[in-house]
Structure formats: structure tokens, C-alpha cells
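Please open the structure in your viewer and keep the selection panel at hand. The tour below moves from one selection to the next and says what can be found at each stop.

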Amino acid sequence: MTRVFSGIKPTGHLTLGNYLGAVRQWARVDQHRTDALFCVVDMHALTVDHDPARVRRLSRQAATLLLASGLDPELCTVFVQSQVDEHARLSYVLECVATDGEARRMIQYKEKAARERDRGGSVRLSLLTYPVLMAADILAYGTDEVPVGDDQTQHVELARDLAVRFNQRYGQAFVVPRATHPKVGARVMNLQEPTSKMGKTDDVGPGIVYLLDEPDVVRKKIMRAVTDSGREVVYDRVARPGLANLLEILAACEGGNPEDLSGVYESYGALKKDTAEAVVELLRPVQQRHKELCADPAYVEEVLRLGAEKARGMARPRVDAAYRAIGLLAG
Ligand code: TYM
């Protein structure tokens, strides 16, 4: 059976981008047709300036939201990265296979490091090694497919390169994974800055729809989305990025194509209104289930405990084998 692995980082509240680009696909498609693991990658949240209590809180919230989005522990494994030692164990070994040049070439590293420096802060070494830990997440489970938004493609490519290199040098240990993306929604943009990704750690709140935003807040954010001064509603990502983003969000909610919506609307206002209502309806069941799960934190804890146990059992033999292959006296 195809093995799927994907993860989400608790650095902020989950967004519509996370949902449309990744989580919805995990819940609707991947968990049903594959042997899938979904992970709250809390160790990745320590790569930038962080508050320990907030990371713990956001990790629990992310896990709860994954379940609220429809991940079913009977069908897939849901767990928290730091509860499975194999991720860190394998990451070190992969650091001995990756080069510093490879890590420095990563677009997200360059962007985030520049942002930290602009703020007058220093760049944590773990920000540089971040994609190696991500490769460990993926490779530890013999993953075939990694369902992610567009922004993670380069990181998955690195995981592929490291798997191939390790296998060539030290013997066959890893499956070579590939990234998969949803047809529509793989890159949801910030509503106020439609040339930048809608990211959970961004400062521009009004441009980000969070999964737990109240319906009226969602409506307000979408109605105020930046568009351009044109009149015709046509889909053109380069010339009309704000409009294209709304068309994509609406198409993703309705399961259609943004191109097909070109020409359907006579005004931006009508498009915004329909998009807002579609997003409100999309989020309604997730928010409802989230509320129910918040009333039962012991259930969520138990799902995570069992998930970590299962994940450990899956990862350990492969990581042990990699340790032995690279020359360590592992048990
Ligand atoms: P993270 O936490 O930034 O995002 C989680 C998932 O959501 C997708 N995503 C988006 N998709 C469309 N539009 C957007 N605006 C948008 N924003 C986020 C991301 O592509 C991702 O699929 N490095 C990863 C976490 C990670 C991981 C892994 C993923 C760590 N180890 C192993 C897969 C496999 C990250 O920061 O995702």
C-alpha cells in the first residue's frame, strides 16, 4: 500500500491555505486510499524565535484541528513529532549526507533568515538544518507520497536527493518520495498582499483567514480582499493576482476550476460575496467538530499517545538500519 506522510508546523493558527493546500486533501483523499501518517511537527516550530508555552498550546490546537478536519485515527496515524525520537535520530544521520550548500540554497531558509536579520535577530542553526529534519520525517517511514502545498516542493526535492545519495553510498535504506499537490488551492495567497502566500506566521492579520475565524470575520476579510481596478472578472494569475486568488479559493471550495468561473461574475462584489459564503460553509463543520473535541481533551491526548506509539514502531527498524548502514554501532 502507498505510504503517505505529511506534517504541519505549530507556529501560528492554522489558515485556509493550510486547509485547502494540504489538510483537506489528507482527510478527504489520502487517509482513505493509502497508509497515511500526519504529524504536528513541533520541533520545526523551534527554528525561529518562539514562546515555549505558545508552541505547546498551538501543537495541541493543531492536533485537535486535524481531527476536526476529518482525520480519523481508525484510518490514519496522527501524532506529534517530538514524541517519536526517530525523527531527531535520523535527522543527524542525514546531516552527514546533506551539504551546507544544499541547505543554504533553500528558498524558505533564505527568506526566513533575511526576515530574522532584518528584525535585528540572529538566525538559529536549526533554521538552516530544518529541511534535513523534514527529510528525516519523510524518510523514516518509507514514504512514497508527500501531500503538500506548492511552497514545500523544494524541501521534498531535497528529501529525494538525500534518499538517493544515502542509498547509493551506504546501501538501499530509503524509499524515494515524491510531492503531491491538490489540483486547486496549492497556493492560497494573502488577501491583502496577493503576491505573497497566506502564511500562518505573517503579521498581516486581515489578509489571512484562520480556520477558527468566526463567520463574520471571514466575511469581512474576504469582502475587503485587495483586487485591482479592472471590471471584468477574468482569471489571470500574473496580471490580476488578487482576483485570481479569490477565484481559486471559490473553485477550491466548490470543487471546480478557476478558469471556468471566468466570465460567470459581473462584479467583484458578487464574487466576493459568494466566496465568503463558500468559505464560511467550508469551515462550519470543522469549527463545530473542533468545539466538540475541545470539550474532550483526554480523547485528543489518547489519540496522540497511540499515534506516537504506532509511528515509533514503524520508524524504528528503518532508522536502526540506516544507523548500521552508515557505520554506527546501533543495536
Ligand atoms: P506548514 O506548517 O507551513 O504548512 C502545512 C501545509 O500547508 C501547506 N500550506 C499552504 N498550501 C496552500 N496555500 C498556502 N498559503 C499554504 N500555506 C501552507 C504547506 O504547503 C504544507 O503542506 N515544512 C512544512 C512542515 C513539515 C512537513 C514535513 C511537511 C515538516 N516536516 C514532512 C511534509 C512532510 C511546513 O512548514 O508546513
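The stops that follow cover the domains, one helix, and a set of annotated positions.

Before selecting anything, bear in mind that this is a predicted model. Begin by colouring the protein chain by its domain assignment, which gives domain 1 as residues 3–181 together with 297–326, and domain 2 as residues 205–291. The centres of the two domains, taken over C-alpha atoms, are separated by 29 Å. Where domain 1 and domain 2 touch, each of them gives ten residues to the contact. On the side that belongs to domain 1, the elements that supply two or more residues are α1 and α2, the latter running over 52–68. The residues of that side of domain 1 comprise six nonpolar and four polar ones, with no charged residue.

Next, select helix α1, residues 16–33, and compare its length with what its residue count would suggest. At 1.5 Å a residue, the 18 residues of α1 should span 26 Å, and the end C-alpha atoms are 24 Å apart, which agrees. Now centre the view on Trp26, where α1 has a kink of about 55°. If you show the surroundings as well, you will find that 14 of the 18 residues of α1 are buried, so the helix is largely enclosed by the rest of the structure.

Then select residues 10–18, which an unreviewed UniProt entry marks as a short sequence motif, the 'HIGH' region. Over this stretch the chain is 33% helix and 0% strand, and its end C-alpha atoms lie 11 Å apart.

For the following stop, select the positions that UniProt, again in an unreviewed entry, lists under "binding site": Lys9, Pro10, Thr11, Gly17, Asn18, Gly149, Asp150, Asp151 and Val188. Two of these positions are visited one after the other below.

Zoom in on Gly17, which is placed in helix α1. Gly17 has 24 C-beta neighbours inside 10 Å and therefore counts as buried, the cut-off being 20 or more. Apart from its neighbours within four places in sequence, Gly17 is in contact with Gly149, Val188, Lys197 and Met198.

Finally, move to Asp150, which sits in the loop between β4 (145–147) and α7 (153–170). Is Asp150 buried or partly exposed? Because it has 15 C-beta neighbours inside 10 Å, Asp150 counts as partly exposed. Setting aside neighbours within four places in sequence, the contacts of Asp150 are with His181, Ala186 and Arg187.

Methods
Residues numbered from 1 in each chain as written. Predicted model: local features only at pLDDT ≥ 70, side-chain atom pairs only at ≥ 80, totals over all residues. Helix = DSSP H or I, 4+ residues; strand = E, 2+ residues; numbered from the N terminus. Expected span 1.5 Å × (residues − 1). Bend = angle between axes of the 7 residues up to and from the residue. Buried ≥ 20, exposed ≤ 12 C-beta atoms within 10 Å, placed from the backbone. UniProt positions renumbered as here; feature names shortened; annotations may be inferred. Contact = placed C-beta atoms within 7 Å. Domains from an automatic or database assignment. Nonpolar A, V, L, I, M, F, W, Y, C, P; charged D, E, K, R; others polar.
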